[in-house]
Each structure stands twice: as structure tokens, then as C-alpha cells.
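Please open the model in your viewer, with the sequence beside it, and make each selection as the tour reaches it.

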Amino acid sequence: MIAESHRASQPEHLRVGLPQPRVIERWLCQALDRQGVIDPHERRAMLTDLYDRLECGEPLQYVLGTWQFRWIELRVDRRALIPRPETELMVEWILAELAGRESPRVLELGTGTGAIGAALAHELPSVSVVATDVSADALALAQDNIVNLRLNRCIDLRQGSWWEAVGEHERFDLICSNPPYIADTEWNSLDPMVRDWEPRRALTAGPTGLECYEVIFHEARGRLGGQQGAVVLEIGSSQGFNVRRLAIDAGFDDVVIHKDLAGRDRFLVARFR
């Protein structure tokens with residue numbers, strides 16, 4: 001029932017598909033198994049506590065403490081956004097852009113849990129990723145994930161707001177980001193499960209929702225090296241036209257909007273040739 005009500009009320013651009021109650025119960029029990037809780041009385045008390053957290057509106061992913069993202073399992077908590085299915089598909093577009101490149105260098109702006117960078121490093125061992133975030137808390141969570149997945153040799157985590165963490169002379173084959181893209185005016189209309197639990201700084205961009213894209217494209221063209229380069233971004237379903245215009249104005253001559261599995265505009269790939 002919790003999962004069903006959540007799925008119905010979530011905003012489409014923040015929806016996280018959740019399983020049926022029996023599956024939730026099994027996952028909660030598995031979470032206790034991972035903690036090594038064996039005593040039946042202790043398990044019963046802890047399981048009750050987990051259900052209480054769900055009833056209070058806390059997202060299942062935070063209650064479990066871990067969540068699957070493509071082929072990896074990530075630790076998740078309130079320090080960063082919950083990785084969503086749309087972003088898993090975004091990794092597909094990134095991998096398609098990197099196909100055939102030897103030892104590609106990728107910049108991820110706003111890494112959060114480290115999901116995108118970790119997935120890329122897991123699936124493309126030759127990649128080198130610089131992953132940034134303004135939040136020290138989010139970076140600490142990303143660091144835990146990267147170390148647990150034994151990917152720290154190919155992912156360089158840095159703290160800073162957007163380009164502040166990147167050296168002026170550094171160049172990349174691809175730049176990617178799932179930035180905040182909710183307008184400030186949308187905040188109060190968000191589902192409480194999102195608004196009350198996930199970090200606002202990772203959700204809202206400013207008055208228009210386009211502010212982070214403006215910052216990204218202000219320098220993206222000059223940070224791509226070689227004869228080819230690409231920017232891959234997740235976008236809001238109504239933002240395709242405006243973000244595409246930002247990319248073209250920034251000097252990208254091949255800009256494509258791709259849809260998510262529900263048929264909504266969700267990803268932008270911008271290239272220069």
C-alpha cells in the first residue's frame with residue numbers, strides 16, 4: 001500500500017518505481033540480514049522501526065540504506081538524491097558516446113551518490129572520471145560507494161560548485177550531469193516524500209529551472225578536447241527546447257533530445273564536429 005500510494009502521487013520527473021508490499025517486506029528483512037541481526041526479538045523490533053519510518057513518509061531507498069543502480073549497489077541516504085531509473089538510461093547514452101574511444105576522460109558535474117561515475121567505471125574499465133559536487137556530505141557518501149565498489153583508482157572526487165573544481169587547462173572527452181532542474185516555484189507542489197526528505201539543493205535550480213544548464217554550457221565547449229566531444233545531460237520533460245537553445249548558443253552544432261521509457265523528453269546530447 002505504501003508503494004502504491006507513492007507511485008501514484010510522485011511527480012513524473014522524480015518518480016522512483018517501487019515494488020509491491022511483499023517485496024518491500026523481503027527487502028527490509030534482507031537489510032537486517034546485512035546488518036547481522038539474528039535474534040528474533042531484536043529483528044521484530046527493528047523491522048517495526050523500519051515500517052514506522054516508511055509510514056512517516058521516508059523513502060524506501062533511505063530506509064533500506066542501499067539501492068541498485070544498473071549493475072552496482074549503492075549506499076543511499078539523505079545526503080544525496082536517490083538514483084532514479086531515468087538516470088540509469090542516461091548512462092546508456094553516455095556509453096554510446098564513448099564507444100570506440102581509448103581511455104576516455106569524463107567529467108561528471110554534481111555527482112551526488114556517485115552513481116553515474118561509478119556505473120561508468122564499472123562498465124567501462126578504461127574510463128577515467130572526474131566527479132564533482134558542491135556538497136561535502138554528498139562527496140563523503142560518493143567516496144563510500146566508490147571505495148566499496150573498488151573503483152577509487154579511476155574516479156577522482158572533487159569538491160566545488162560546478163567549474164570551480166576543474167582546472168582551467170583540463171580537457172575531457174565527455175561532460176555529463178544530472179543537475180538540479182526544478183524551478184523554485186515548483187517546490188511546494190512536490191510530493192512530500194521528495195520535498196521533506198531529499199536535499200533541496202540537489203533539486204531546485206532557481207527561478208526558471210534552467211540556471212544550472214546555463215552555468216554548464218557557459219564553459220562546456222571550451223572544456224572538451226580533441227576533434228570530437230559531447231555533453232550528456234538529464235533534463236526536465238518540458239525543458240528540451242530551452243536547453244537545446246543554450247547548447248546551440250554555446251557552439252554545439254549537433255544537439256539531440258532523447259526520450260525516456262515513458263516517451264517524455266529526458267536527455268540532451270550535444271556534440272561539436
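Begin by selecting helix 9, residues 211-219, where helices are DSSP runs of H or I with at least four residues, strands are DSSP runs of E with at least two, and both are numbered from the N terminus. Its buried residues are Glu-211, Cys-212, Tyr-213, Ile-216 and Phe-217, and here buried means under 20% relative accessible area, exposed means over 50%, and partly exposed lies in between, using a 1.4 Å probe and protein chains only. This is a predicted model, in which local features need pLDDT of at least 70 and side-chain atom pairs count only at pLDDT 80 or more, while totals for chains, interfaces and linings use all residues. Residues are numbered from 1 along each chain as its sequence is written, and side-chain values use heavy atoms, with hydrogens and water left out.

What covers the buried residues of helix 9? If you now show the surrounding elements, the cover includes strand 3 (105-109), strand 6 (174-177), strand 8 (204-206), strand 9 (229-234), helix 10 (240-249) and strand 11 (265-272).

Stay with Phe-217 and add Phe-252 to the selection, since both of these residues are buried. A search of the whole structure finds three aromatic pairs, a pair being two rings of Phe, Tyr or Trp (its six-membered ring) whose centres lie within 6.5 Å, called stacked if the planes are under 30 degrees apart, edge-to-face if over 60, and tilted for the rest. Phe-217 and Phe-252 form an edge-to-face pair, with 5.7 Å from centre to centre and 75° between the planes. Because Phe-217 lies in helix 9 and Phe-252 in the loop between helix 10 and strand 10 (254-259), this pair ties together parts that are 35 residues apart in sequence. Adding Phe-272 completes the picture, as Phe-217, Phe-252 and Phe-272 form one aromatic cluster. Next to be selected is Arg-221, whose charged end sits over the ring of Phe-272, 3.7 Å from its centre; such a placement requires NZ of Lys or CZ of Arg to be within 6 Å of the ring centre and within 35 degrees of the ring normal.

Now turn to the nonpolar cores, each a set of buried Ala, Val, Leu, Ile, Met, Phe, Trp, Tyr and Cys residues joined through side-chain atoms within 4.5 Å. The largest has 44 residues, and those with the most contacts inside it are Leu-28, Ile-94, Val-106, Ile-155, Leu-174 and Cys-176. Helix 6 (residues 115-123) gives the most to this core, with six residues. A second, separate core of 27 residues includes Val-166, Val-231, Val-243 and Ala-270. Select Val-106 and leave aside its neighbours within four places in sequence: its contacts include Leu-98, Leu-120, Phe-172, Leu-174 and Cys-176, where contact means heavy atoms within 4.5 Å.

The next stop is a set of charged pairs. Side chains of opposite charge can pair when their charged atoms come close. The whole structure holds 20 salt bridges, each one a side-chain nitrogen of Lys or Arg within 4 Å of a carboxyl oxygen of Asp or Glu.

Select Arg-70 and Glu-123, whose side chains meet in a salt bridge (2.6 Å, N to O). Arg-70 lies in the loop between strand 1 (66-69) and strand 2 (72-75) and Glu-123 in helix 6, so the pair ties together parts that are 53 residues apart in sequence. Arg-70 counts as buried at 13% relative accessibility, whereas Glu-123 is partly exposed, with a relative accessible area of 25%.

Move on to Arg-84 and Glu-198, which form a salt bridge with their closest N and O atoms 2.6 Å apart. Arg-84 lies in the loop between strand 2 and helix 5 (85-98) and Glu-198 in the loop between helix 8 (192-195) and strand 8, so this pair ties together parts that are 114 residues apart in sequence. Are these two residues buried or exposed? Both Arg-84 and Glu-198 are buried.

To see a network of salt bridges, select Arg-75, Asp-77, Arg-79 and Asp-144, which are linked in this way.

Finish at Ala-80, in the loop between strand 2 and helix 5, which counts as buried at 3% relative accessibility. Not counting residues up to four places away in sequence, Ala-80 touches Tyr-62, Gly-112, Thr-113, Ala-138, Leu-141 and Pro-199. For a last selection, choose the C-alpha atoms of Ala-80 and Gly-114, which are 34 residues apart along the chain and separated by 9.3 Å.
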